[in-house]
Amino acid sequence: MVVGSDISRCPNTPWPTCRGYLHKRTHSGFVKGWRKRWFVLKHDGCLHYYRHKKDEGKCPPLEIIKLESAEVGIDSSLGKPFVFNCVPQSGNRTFCFCATSNQEMKRWLEAMDKATHPVRQTHVWEDVTLHNSSLPPLAIKNPECLGLLHQLDRSTDMWVQHYCILKDGCLYFYAGIRSTRASGGLYLQGYRVNEQTLSFKQSVIELKPPSEEFKTFYFCAENKAENQRWITALKASIKKWLPLHQAIQDFMNRPLEETRM
């Protein structure tokens with residue numbers, strides 16, 4: 001059975017809701033005035049900004065502004081068009097932004113207004129994975145694959161060993177087979193599985209994300225045969241989960257069946 005899931009549309013996904021250049025008013029440093037910055041508003045309601053577009057994903061943001069319960073609105077006091085303000089809930093600072101057009105300003109105001117009044121959603125699949133992560137590895141029923149995997153830590157270029165369980169499109173990490181609960185997990189919806197050659201490793205499993213907002217992961221099993229076992233299981237597990245809109249479209253495109261009376 002193929003399951004259509006709208007998990008990727010939940011508000012806690014790291015995909016951005018809005019991104020682009022804005023001018024930010026500053027009163028600090030030697031140069032006062034407007035500075036062009038690259039802004040990224042994420043579904044968690046946090047506004048990140050960087051010096052340049054190329055810094056996103058490579059450098060930490062210059063600042064993160066939490067928009068929940070903030071006040072956002074147009075500011076006409078400066079006599080400058082397309083200016084709007086954001087006052088976070090703390091109220092001890094006002095952020096002043098300037099867009100390049102009225103349309104661009106409206107785009108940001110609509111996205112930021114939604115972030116200030118988030119709609120809380122729950123997803124039964126998230127509840128299941130949270131429950132599974134609280135269990136010992138051998139207590140997860142009918143796993144699709146299990147065993148040791150080494151994960152590449154890109155910051156140190158070192159391989160870290162985990163005992164892993166694959167279940168319903170989620171890869172759970174454990175310190176060892178006797179662990180009482182998972183130390184982490186990876187939602188695999190939308191990921192692509194490839195076999196790559198990396199460094200001195202003969203065969204490496206690459207998990208490629210559906211968006212640049214996510215990280216690429218590299219794993220390596222004990223040998224080539226184990227790698228192939230994991231690759232086959234990962235592909236099958238991910239394939240069961242389609243985005244909801246794609247599942248509906250596939251269903252609608254099916255040929256009509258005759259009903260015999």
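Reader: Before we start, what counts as a salt bridge here?
Author: A salt bridge is a side-chain nitrogen of Lys or Arg within 4 Å of a carboxyl oxygen of Asp or Glu. Keep in mind that we're looking at a predicted model.

Reader: Okay, so how many salt bridges does a search of the whole structure find?
Author: The search turns up 7 salt bridges.

Reader: Can you walk me through a few? What does E144 pair with?
Author: E144 meets K240, side chain to side chain, with 2.9 Å from N to O. E144 sits in the loop between helix 2 (124-133) and strand 9 (145-153), while K240 sits in the loop between helix 3 (224-239) and strand 16 (241-243), so the pair ties together parts that are 96 residues apart in sequence.

Reader: Nice. Are those two buried or exposed?
Author: Somewhere in between. E144 is partly exposed at 28% relative accessible area, and K240 is partly exposed too, at 31%.

Reader: Which residues are linked with them in a network?
Author: D168 joins in: E144, D168 and K240 are linked in a network of salt bridges.

Reader: Got another one? What does E195 form a salt bridge with?
Author: Its partner is K224, and the closest N and O atoms of E195 and K224 are 3.2 Å apart. This pair also links distant parts of the chain, with E195 in strand 13 (residues 192-198) and K224 in helix 3, 29 residues apart. E195 is partly exposed at 36%, and K224 is partly exposed at 48%.

Reader: And where do E226 and R229 lie?
Author: Both are in helix 3, 3 residues apart, which is about one turn of the helix. Their side chains meet in a salt bridge at 2.9 Å, N to O. As for accessibility, E226 comes out at 23% and R229 at 34%, so each one counts as partly exposed.

Reader: Switching topic: how many disulfides are there in the whole structure?
Author: The search finds 0 disulfides.

Reader: Hm, then what about C46 and C59, buried or exposed?
Author: C46 has 16% relative accessibility and counts as buried, because the cut-off for buried is under 20%. C59 is at 36%, so C59 counts as partly exposed.

Reader: Now strand 11. Why is it said to be largely enclosed by the rest of the structure?
Author: Because 5 of the 5 residues of strand 11 (residues 170-174) are buried.

Reader: Which residues are on each side?
Author: C170, Y172 and Y174 are on one side, with L171 and F173 on the other, and all of them are buried. That's how both faces of strand 11 end up covered.

Reader: What does strand 11 pair with?
Author: Strand 10 (residues 158-167) is joined to strand 11 by 5 bridges, and the two run antiparallel. Strand 12 (residues 184-187) is joined to strand 11 by 4 bridges, and that pair runs antiparallel as well.

Reader: Can I get some residues to click on? What's the bridge partner of L166 in strand 11?
Author: Look for L171, the partner of L166. Over in strand 12, you'll find G185 opposite Y172.

Reader: Last one: how many residues are between strand 10 and strand 11 in their hairpin?
Author: There are 2 residues between them. D168 is in that turn, and D168 has a positive phi of about 50°. You've met D168 already, in the salt-bridge network with E144 and K240.

Methods. Residues are numbered from 1 along each chain as its sequence is written. This is a predicted model: local features need pLDDT of at least 70, side-chain atom pairs count only at pLDDT 80 or more; totals for chains, interfaces and linings use all residues. Side-chain values use heavy atoms; hydrogens and water are left out. A disulfide is a pair of cysteine sulfur atoms within 2.5 Å. Buried means under 20% relative accessible area, exposed over 50%, partly exposed in between (1.4 Å probe, protein chains only). Two strands pair if DSSP finds at least two bridges between them.
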